[in-house]
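Work through the exercises below with the sequence and the coordinates at hand. Each task is followed by a stepwise solution.

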Amino acid sequence: MQRRLAFLASSLALAAAVAVAGGLMLSHAQAASFKLQGQDILVNGTVNGKSLRKFRAFMAKNPDAQRLVLLDMPGSDDDETNLKIGHMVRDLGLGTHVTASSRIYSGAVELFLAGTERTMEAGAVLGVHAWEGDRTADEYPRWHPEHAPYVAYTTRMLGSADFYWFTVHAAPASSMHEMTEAEIERFGLLTQPVLRD
């Protein structure tokens, strides 16, 4: 499984500058954390190889949680784990939400897709790009097996793989494309219109 770059240096600077609840500052190196707030699961940090175990343990202790609120998430450094968490989110029937101050990139956007209900407040940033391992995603032909897990995942979550192919070409692995609301609507990322004050 190829590993996805978290995000480019400019996005790193942006994410590091974002304050989250409690006044904490996150960097790209902070592992994903899960915190219960009411029935919401506040998620910050980078998904890594330990995140699936942490998420399973969290859900075992908090079975009444209803929704992941993705806050400051640079992405993932373990795509296989990230997709497994996404499938688990869908299997559990959880929703996903991004706030007006959320900054989610790369694999975190894939995680957002897993929600049965997907909501977004105006001002949230969703950044996408091509993954990179030994080669970049766009260097493989569409039929190549390296694409298969992402195609299957995106098709399950959105009904087609169109959004996956968009991310492959939206920006190179060394860069980041911040999606417009029109693009978010075009690919069906939300299950209801953008929430505005």
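**Salt bridges in a predicted model**

Counting side-chain nitrogens of Lys or Arg within 4 Å of a carboxyl oxygen of Asp or Glu gives four salt bridges. The model is predicted. Three of the pairs are treated here.

**Exercise 1.** Find the distance between arginine 67 and aspartate 40, place both residues, and classify their exposure.

Step 1. A nitrogen of arginine 67 and an oxygen of aspartate 40 lie 2.9 Å apart, within the 4 Å cut-off, so the pair is a salt bridge.
Step 2. Arginine 67 belongs to strand E3 (residues 67-73) and aspartate 40 to strand E2 (residues 40-44); the two are 27 residues apart.
Step 3. Aspartate 40 has 17% relative accessibility and is therefore buried, the limit being under 20%. Arginine 67, at 27%, is partly exposed.

**Exercise 2.** Which elements does the salt bridge between arginine 156 and aspartate 91 tie together?

Step 1. The closest N and O atoms of arginine 156 and aspartate 91 are 2.6 Å apart.
Step 2. Helix H5 (residues 148-158) holds arginine 156 and helix H3 (residues 79-91) holds aspartate 91, so parts 65 residues apart in sequence are joined.
Step 3. Aspartate 91 is exposed at 58% relative accessibility, while arginine 156 is partly exposed at 35%.

**Exercise 3.** Repeat the analysis for arginine 196 and glutamate 181.

Step 1. Their side chains form a salt bridge with an N to O distance of 2.5 Å.
Step 2. Glutamate 181 sits in helix H7 (181-186) and arginine 196 in the segment after that helix, 15 residues apart.
Step 3. Arginine 196 has a relative accessible area of 56% and is exposed; glutamate 181, with 34%, is partly exposed.

Methods
Residues numbered from 1 in each chain as written. Predicted model: local features only at pLDDT ≥ 70, side-chain atom pairs only at ≥ 80, totals over all residues. Heavy atoms only, no water. Helix = DSSP H or I, 4+ residues; strand = E, 2+ residues; numbered from the N terminus. Buried < 20%, exposed > 50% of the residue type's maximum accessible area, 1.4 Å probe, protein only.
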